[in-house]
Each structure stands twice: as C-alpha cells, then as structure tokens.
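User: I'd like to know what's behind the labels people put on a structure like this one. Can I quiz you on a few of them?

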Amino acid sequence: MRDAASTFLYRAFVYGIGGLAILYLIAPIAIALVMSFTAGQTLQFPPQGLSLRWYAALLDPVVSATEHIAAFNSLKIAGLAVIGSLLFAVPASIGMARIRGRAANLTEPLLLAPLVLPSLVYGLAALVVSSLVGLRPSLWLTVAGHIVVFGPLMYRATAVIAQGMDPSLAEASTTLGATPVTTLRRVILPLLVPGILAGAFLVFIQSLDNVSVSLFLADARTTVLPLRMFAMIEESLDVRVAAMSGILIAVTLVVVVAGRKLFGPSR
C-alpha cells in the first residue's frame, strides 16, 4: 500500500506539473492561431466568427507591401546570419575537438560568451562602437551583429558531434592517401551534417525573431518583420499580426516535424 501510494503521488506530481508546463507553453500559441482566423476588425479572443480574410490581406502585395519588404529583409538577414555562423562555427568546432586541457577550457567560454550576454546590451554596445569607427547602421551591420550573437548556437550544435567523432576515422583517411581537404570534405563534414542542420535551424529562427540587435543596428530602410509587427500592434492592433504569427508557427512546426522524420533517432 505504501509503495502504491508513493507511486501514485509521484505520477500525480510529475504528470500534473508537466501538464501545467505544457499547457502554459501551448495555450498562447493556440490562442494566437485562433485569433488569426477572426472575422472581426481587431484582435479579440474569442474571435468574432471565423474567416481567412486576414491571411488574404497579408498575402496581398498591395495591401501588405510594407510587411512583404520587412519579411524579405528578415529572411535575408537570417539566411546571411546562418551562412556567416557556418563559416566560423564549423572550423571552430573541429579545432576545439582536437585540443584538450587548459587551452580548451580558456577558449570555449569565449566562443559561448555571446549566449550569456543579453542581446539588448550587445546591440547598444555594438551601435556605440560602430559609431566610433564610422560605421552607420545598415543591413550588413545587422547581419554581423546576428552572427556574433547567434553564431554560438551553431558552434554548440556542431561541437557536440565533433567532440564525439572517432579521431581514427580522419587518421585512416590520411593513411589511405587522402589530403586534409579531402578528409574534411568526405569524412568530417558528412558526420557533422546533423549538427550543422540543427545549428542552422536555431540560428535562422533566433535571427528571424530578434528585436534587440536589429533595433540598434538596422537603418531606417532595413525594416525587419519583428519590429514591423510591434509597430502594427502599437498603431491599430492589426489582425494581420496574428496571421503572421500563424504562418510562422505553421512553418516552424513543418520544419521541426520534417527534421524529426528525416534526422530523428531510429528505432
């Protein structure tokens, strides 16, 4: 009886707290999705009828021209941030996997430091420094800021796999006559593909959703989607914001499910 009671209390606690945590995470997403299908003129829950009118308005190139430009800028910045992060994170993860001891203990915290520093603080500091050296806010300065802030996510994802690789694989490739470049291309990089894809997804999503760095480093012509969404909410509680959220949620879910199916652990 005592064991049964303990098991019941344990399960009630774990499943109860876990269920509340899941509800807390899912409920805002579900409410945002439901509001995006409203037939009313403003954001309201429960919605005043169901309609796709706001999705149609969001996709209209005339009605939502400004939002399309902002979305294109955000996608461009996020894509360039992924490429820039890839160029430094993959070599860094391979190099860190080959060094040990004190050098690794001193170097890795420096690579991960941007994850600890609040992005708002970094955005302000980057704006001050760029002004001192004569650089004005621009799209490329925003991309550089996103690479610095979110690049460690790519490094962390690839470093986990790089540190678990068997060094004898590269040694065997060299012994069989392969050049270092061939070994990198045919042996090391294919093994790092899962980490690279996971890191690219994290960097892309974080860059697409970022406000603080873009707020300081983007110029007036580089309107990004998160800042545009904030402006629409402040101006008129535009329901197209909920439609944007619905599209972003749907795309994210599709990518996560597809990645799980393609690269998830097999039975």
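User: Why is Asp219 called buried, and why isn't Arg221?

Analyst: Asp219 has a relative accessible area of 18%. Buried means under 20%, exposed means over 50%, and partly exposed is what lies in between, with a 1.4 Å probe and protein chains only. So Asp219 falls on the buried side, while Arg221, at 74%, counts as exposed.

User: Before we go on, what kind of model is this, and how are residues numbered?

Analyst: It's a predicted model, where local features need pLDDT of at least 70 and side-chain atom pairs count only at pLDDT 80 or more, though totals for chains, interfaces and linings use all residues. Residues are numbered from 1 along each chain as its sequence is written, and side-chain values use heavy atoms, with hydrogens and water left out.

User: What makes Asp219 and Arg221 a salt bridge?

Analyst: The rule asks for a side-chain nitrogen of Lys or Arg within 4 Å of a carboxyl oxygen of Asp or Glu. Here the closest N and O atoms are 3.7 Å apart, so the pair passes. Elsewhere, Glu67 and Arg228 also meet this way, N to O at 2.8 Å.

User: What does the Glu67–Arg228 pair tie together?

Analyst: Glu67 lies in helix H3 (residues 65–98) and Arg228 in helix H10 (residues 225–236), so the pair ties together parts that are 161 residues apart in sequence. Helices here are DSSP runs (H or I, at least four residues; strands are E, at least two), numbered from the N terminus.

User: How do you know whether those two side chains are buried or exposed?

Analyst: Same yardstick as before. Arg228 comes out at 18% relative accessibility and Glu67 at 3%, so each is under the buried cut-off.

User: Which other residue does Glu67 bridge to?

Analyst: Arg240, with the closest N and O atoms 3.2 Å apart. This one links distant parts of the chain as well: Glu67 is in H3 and Arg240 is in helix H11 (residues 240–263), 173 residues apart. Both Glu67 and Arg240 are buried.

User: How many salt bridges does the rule give?

Analyst: The count comes to 3. One of them is Asp219 with Arg221. Glu67, Arg228 and Arg240 are joined into one network by salt bridges that share partners.

User: Now the helices. Why is H5 called oblique to H6?

Analyst: The axes of H5 (residues 119–132) and H6 (residues 139–164) come within 11 Å and cross at roughly 135 degrees. Under 35 degrees is roughly parallel, over 145 roughly antiparallel, 65 to 115 roughly perpendicular, and the rest is oblique. That makes H5 oblique to H6. As for the axes, they are lines fitted to C-alpha atoms, for helices over the stretch in contact, and angles run from 0 to 180 degrees between N-to-C directions.

User: What makes H3 oblique to H6?

Analyst: H3 and H6 pack at about 40 degrees, with axes 6 Å apart. That angle sits in none of the three named ranges, so the label is oblique.

User: And why does H3 get its label against H8?

Analyst: Their packing angle is about 140 degrees, with the axes 8 Å apart. It isn't over the antiparallel limit, so H3 is oblique to H8.

User: What is the handedness of H3 passing H8?

Analyst: Right-handed. A crossing is right-handed if the near helix is turned clockwise from the far one by less than a right angle, and left-handed if anticlockwise.

User: Last topic: what makes a nonpolar patch out of Leu23 and its partners?

Analyst: Patches take residues with over 30% relative accessible area and no salt bridge; nonpolar side chains (Val, Leu, Ile, Met, Phe, Trp, Tyr) are joined within 5 Å, like charges within 9 Å. Leu23, in helix H1 (residues 2–36), has 53% relative accessibility, so it clears that bar and also counts as exposed. The patch is Tyr10, Phe13, Val14, Tyr15, Ile17, Leu20 and Leu23, with about 830 Å² of accessible area together, by the Shrake-Rupley method with a 1.4 Å probe, where only the protein chains shown count as cover.

User: Why is Leu237 called partly exposed?

Analyst: Leu237, in the loop between H10 and H11, is at 38% relative accessibility, so it lands between the buried and exposed limits.
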